[in-house]
Amino acid sequence: MNAQQMVEALKQKFGDAVTGSKEQCGEHTIGVKLESVKQLLKYCHDELNFDYLVDISSLDHFHAEPRFEMVYELYGYGHHQHLRVKSLVSEDVSVPTVTDIWPTANWHEREVYDMMGITFDGHPDMRRILMWEGYPFHPLRKDFPLAGKESELPEVAFTGIAPLEGGPFVTSPGACGTVDAEPRAKRFET
Amino acid sequence: MTATAPEPVHAAYDSKIEGNIVITKLDAAINWMRKNSLWPMPMGLACCAIELMATGASRYDISRFGAEVFRFSPRQSDVMIVSGTVTYKMALAVKRIWDQMPEPKWCIAMGACASSGGMFRSYATLQGIDRLIPVDVYISGCPPRPEALLEGLMRLQKKIDAEHSLMEQKRELIEELA
């Protein structure tokens with residue numbers, strides 16, 4: 001069974017819970033309501049043999065409702081198929097953990113919590129993973145400035161605001177010559 | 001009975017001492033000793049640390065300058081080589097290690113990140129280690145080549161050579177007694 005057929009099977013099995021699906025460049029994405037996302041992921045793991053959780057990430061659709069979106073990247077070593085599962089999350093809503101399905105989700109979910117501020121129900125160790133405990137912000141949210149904000153936690157850490165004269169500094173891989181490719185303040189015509 | 005002939009004694013010239021006396025200033029002697037046996041504290045935090053290791057290895061051979069004794073204990077080291085990106089999470093740990101190093105101590109900020117934050121103008125990166133600890137030598141580059149680190153080390157040696165700490169102590173003592 002290839003990814004296309006799996007998406008069809010998931011649509012049949014979960015019916016109204018599936019909000020949509022998309023295929024682009026051979027990559028299959030399926031959207032699902034948050035209430036059913038864990039059920040669907042468990043089905044993917046148990047029945048569709050997606051034994052490898054590649055990554056969990058999250059999006060911030062700032063000013064949209066619901067604001068956040070969870071993204072799960074699945075892969076199966078047996079059938080070599082790739083599937084992306086997406087689910088929209090409102091602010092102040094917890095997402096069910098998938099650590100009991102794929103133990104590797106532990107650190108991925110901690111990163112999502114640290115960077116985006118989405119909490120996970122049933123997670124065994126819901127702490128920050130990159131920033132320190134007590135850091136007051138979630139840096140990957142769209143309303144957080146790239147230069148950072150000031151914070152102070154005595155004896156642990158402090159942060160300041162980075163100078164961004166002319167920035168942000170953009171890398172252009174593949175550009176001709178070092179000057180064009182290396183990170184510099186660049187203005188792009190839109 | 002044969003007696004060994006005594007060594008001839010010259011009033012103006014003693015061959016027993018010849019070649020064993022160096023006349024210098026105490027400051028100069030101390031500086032010479034300090035600058036030629038700098039024990040680095042390798043604060044390797046990112047890719048610059050790879051160049052630091054290359055500098056310590058056989059091809060570039062930092063021991064030519066007497067700085068080959070990398071110490072992982074701050075209490076035994078003289079110069080902290082901050083090589084790499086200092087994140088805010090690591091910053092106070094670097095400061096703490098610096099505080100544990102005994103005087104006299106020096107600091108080399110190796111590479112763009114340690115000197116100024118480098119390309120990481122972001123919420124997570126300290127914009128230069130000189131915001132926390134005093135830096136003696138800045139080395140440009142991303143990362144700097146081992147030759148650049150050796151050049152920085154030689155600059156530091158020149159700086160140490162120009163110190164006159166003992167003279168200053170003496171002057172302070174004289175002023176105190178006066």
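Begin in chain B by selecting B:Leu26, B:Asp27, B:Ile30 and B:Arg34 in helix 1 of chain B, together with B:Ser165, B:Leu166 and B:Met167 in helix 6 of chain B, since these are the residues through which the two helices meet. By class, this contact of helix 1 of chain B with helix 6 of chain B holds four nonpolar, one polar and two charged residues. Please keep in mind throughout the tour that the model is a predicted one.

Widen the selection next to the whole of helix 1, residues 26–35 of chain B, and helix 6, residues 165–177 of chain B, whose axes come within 7 Å and cross at roughly 140°. That angle makes helix 1 of chain B oblique to helix 6 of chain B, because only angles over 145 degrees count as roughly antiparallel.

Keep helix 1 of chain B on display and add helix 5, residues 146–161 of chain B; here the axes come within 9 Å and the crossing angle is roughly 160°. Helix 1 of chain B and helix 5 of chain B are therefore roughly antiparallel to each other, and their crossing is right-handed. To see the contact itself, select B:Asn31, B:Arg34 and B:Lys35 of helix 1 of chain B with B:Gln157, B:Ile160 and B:Asp161 of helix 5 of chain B. This contact of helix 1 of chain B with helix 5 of chain B divides into one nonpolar, two polar and three charged residues. B:Arg34 deserves a second look, for it takes part in the contact with helix 6 of chain B and also in the contact with helix 5 of chain B.

From helix 5 of chain B, step back to the loop between strand 4 (137–139) and helix 5 of chain B, where B:Pro143 lies. The peptide bond that leads from B:Cys142 to B:Pro143 is cis, with omega near -10°.

Now turn to the largest pocket, which has a volume of about 240 Å³. Its lining consists of 13 residues, and those to select are A:Leu146, B:Met119, B:Phe120, B:Arg121 and B:Ser122, which lie nearest the centre of the pocket. The lining of the largest pocket divides into eight nonpolar, four polar and one charged residue.

Move on to chain A and select helix 1 (residues 3–14) and helix 2 (residues 34–46) of chain A, which pack at an angle of about 135° with their axes 11 Å apart. Helix 1 of chain A and helix 2 of chain A are therefore oblique to each other, and helix 1 of chain A passes helix 2 of chain A in a right-handed crossing. On the side of helix 1 of chain A, the contact is made by A:Leu10, A:Lys13 and A:Phe14, which meet A:Gln39, A:Leu40, A:Tyr43 and A:Cys44 in helix 2 of chain A. The residues of this contact divide into five nonpolar, one polar and one charged.

Two loops of chain A complete the tour. In the loop between strand 3 (52–60) and strand 4 (68–75) of chain A, select A:Pro66, which is joined to A:Glu65 by a cis peptide bond with an omega of about -5°. Finally, in the loop between strand 8 (151–153) and strand 9 (157–159) of chain A, select A:Glu155, a residue that has a positive phi of about 70° although it is not a glycine.

Terms used:
Residues are numbered from 1 along each chain as its sequence is written. Chains are lettered from A and ligands numbered from 1 in the order in which they are written. This is a predicted model: local features need pLDDT of at least 70, side-chain atom pairs count only at pLDDT 80 or more; totals for chains, interfaces and linings use all residues. Side-chain values use heavy atoms; hydrogens and water are left out. Axes are lines fitted to C-alpha atoms, for helices over the stretch in contact, and angles run from 0 to 180 degrees between N-to-C directions. Helices (H or I, at least four residues) and strands (E, at least two) are DSSP runs, numbered from the N terminus. Angles under 35 degrees count as roughly parallel, over 145 as roughly antiparallel, 65 to 115 as roughly perpendicular and the rest as oblique. A crossing is left-handed if the near helix is turned anticlockwise from the far one by less than a right angle, and right-handed if clockwise. Contact means heavy atoms within 4.5 Å. Ala, Val, Leu, Ile, Met, Phe, Trp, Tyr, Cys and Pro count as nonpolar, Asp, Glu, Lys and Arg as charged, and the others, Gly among them, as polar. On a 1 Å grid over the protein atoms alone, a cavity is a set of points where a 1.4 Å probe fits but cannot get out, and a pocket is an open set with protein on both sides within 12 Å along at least five of seven lines; lining residues have an atom within 4 Å of a point. Grid points are joined across faces, edges and corners, and a volume is the space filled by probe spheres set on the points.
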